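Let's walk through this model together, from its domains to its ligand and then to a pair of helices.

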Amino acid sequence: MKKININAPSRNYDVFIGNNVINKYSSKINSLAGYNDSIIIVDSNVYRLHKEKIESMIKGLKGNVVVYKFKADEKNKSLDSLKKIFDLMLRKNLGRSSFLIALGGGITGDLGGFAASVYARGIGYIHIPTTLLAMVDSAIGGKTGINYGHTKNIIGSFYQPESVLIDTEFIKTLPRDELLCGLGEVIKYGLLIGDDFFDYVAKNYRKAFDYNYSFLNKVIRESVSLKGSIVEKDENEKSGLRKILNLGHTFAHAIEVEQNHKIKHGQAVIAGIACALHLSNKLGMMNDEYLEKYLSLIIEFRNEIKLKQYNPETLYKIMFRDKKNKKGSINFVLLEKAGKLIIDAEADKRDALYAINNGL
Ligand code: NAD
Ligand code: ZN
């Protein structure tokens, strides 16, 4: 078992990583959270696949335990789900001295974390991520939120958990598609950390599909450490440093909306990174050699993603609506090479369309 400490300005907490962590630590979860009564927000799919494991964890908890199961899709990352959660918590008399456990992928974590951040002006919560994407990315850093109207994550908060328990046993039931999505964020970390880690991922990523735990543990640890260190320095994305985590994401969010959420977040991130690489090259920041090197890995992934027919103009309009700056252009996170990021690089419409047309 590995423990990584995140000393964020608003909260100092530990991330535990290991096989079967939630069962080994179930009797300690209450003390990590500081209270007895709890509500577990759980993805119904995960509950079904890991019923025995989850029920054994619940047995180890003290106090009243209320379970809220839901179908984890973007449609349910909504106000309507929040209302159901709050109604249930009130009905079960869960007040300020209770805590919330979010057990599932990024959808469950974002919804549960947001519920915890506003219920009774904020109660403690524990993240138990069950997808590779949530383990390497969304469960770390305290961004919570729900979708509203057509806009993703538009209502939310920065709210750190009391602890994150990464039980790698959950990975065993993840389908290939979901592993690929997690690897999309891992490639992002490769480009953020530097060529050594990028090369390691490029050489070994196929091992993820064989559920190779030496590879999986390493990429989880590296990603959590990097994200944790960024969150310690720029928790609320104020100084700009945290923005580097959005590499590829301006394109990715627009792709998700343009494709009507039929494409998964991690898949959109892979496509978005391809666009960001082309844009970095077009604007003279990245040389052709690096472009080719990084793209060769991305292209292997891109071939597994089935984008429906897309419209570059619509994609651009969505990005412009969400991200335009005062000068009427868009700021992107771009890069010179792995580990050398450029925050707030400006690009005009022609260059953005070039990146879309070449990246997708
Ligand atoms: P998800 O929660 O939808 O999970 C993906 C699918 O995997 C679901 O069908 C789920 O039922 C299934 N699943 C979950 N765990 C499983 C397991 N162990 N075995 C088998 N199936 C399992 O999606 P995700 O990819 O984990 O997260 C995407 C969401 O995370 C998006 O809403 C995105 O906006 C958000 N996100 C948030 C942050 C953040 O910092 N808060 C960062 C990145 C992404
Ligand atoms: Zn992401």
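Domain bounds here come from an automatic or database domain assignment. This is a predicted model, in which local features need pLDDT of at least 70 and side-chain atom pairs count only at pLDDT 80 or more, while totals for chains, interfaces and linings use all residues. Residues are numbered from 1 along each chain as its sequence is written, and chains are lettered from A and ligands numbered from 1 in the order in which they are written.

The chain is divided into domain 1 (2–173) and domain 2 (176–359). Between their centres, taken over C-alpha atoms, there are 26 Å. Counting residues as in contact if their C-beta atoms, placed from the backbone, lie within 7 Å, 27 residues of domain 1 meet 29 of domain 2.

Now to the ligand. Both domains give residues to the shell around ligand 1, so it lies between them. With a residue near if its C-beta atom, placed from the backbone, lies within 6 Å, 31 residues surround ligand 1, and the closest are Asn 45, Gly 105, Gly 106, Thr 131 and Ser 138.

Finally, look at α12 (residues 249–258) and α13; helices are DSSP runs of H or I, at least four residues, numbered from the N terminus. Their axes, lines fitted to C-alpha atoms over the stretch in contact, with angles from 0 to 180 degrees between N-to-C directions, come within 7 Å and cross at roughly 130°. Helix α13 (265–282) also supplies at least two residues of the shell around ligand 1.

Key
Two residues are in contact if their C-beta atoms, placed from the backbone, lie within 7 Å.
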